[in-house]
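Visitor: Can we go through the pockets of this one? I'd like the cut-offs too.

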Amino acid sequence: MSYVENLGEKLARDVLSVAKETDDLNLVQDISKVLEASSSTLHEAFMTAVRVYDAEERARGVLEQKLNAALKAAKSQ
């Protein structure tokens, strides 16, 4: 992973964490605008990391739902 990708990933983790803690739905977009105006390379790395973390969180949610459904079905048998 390149230096810029590492920075984008770290920033994305931090921003997503703060956004979740503060319930600030616009924080990612606010940071994105700052990055877009100053560094398109870091902006791209940041947004890629945000999308990846979002996709992972959604996938884990589906996985948890499937597991819970399977456990519930097993208990009812």
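Guide: What follows covers two pockets and one leucine.

Guide: This is a predicted model, where local features need pLDDT of at least 70, side-chain atom pairs count only at pLDDT 80 or more, and totals for chains, interfaces and linings use all residues. Residues are numbered from 1 along each chain as its sequence is written, and side-chain values use heavy atoms, with hydrogens and water left out.

Visitor: How much space lies in the largest pocket?

Guide: About 350 Å³. A pocket is an open set of points on a 1 Å grid over the protein atoms alone, where a 1.4 Å probe fits, with protein on both sides within 12 Å along at least five of seven lines; lining residues have an atom within 4 Å of a point. The volume is the space filled by probe spheres set on the points, which are joined across faces, edges and corners.

Visitor: Which lining residues are closest to its centre?

Guide: Leu16, Ala19, Lys20, Asp54 and Glu57, out of 14 that line the largest pocket. Helix α1 gives the most to that lining, five residues; helices here are DSSP runs (H or I, at least four residues).

Visitor: And what is the volume of the second largest pocket?

Guide: About 190 Å³. Its lining includes Met1, Thr41 and Tyr53, and α3 supplies the largest share, seven residues.

Visitor: Changing topic: is leucine 7 buried or exposed?

Guide: Neither; leucine 7 is partly exposed because its relative accessible area is 35%, between the limits of under 20% for buried and over 50% for exposed (1.4 Å probe, protein chains only). Leucine 7 lies in α1, residues 3–22.

Note on methods: Helices (H or I, at least four residues) and strands (E, at least two) are DSSP runs, numbered from the N terminus.
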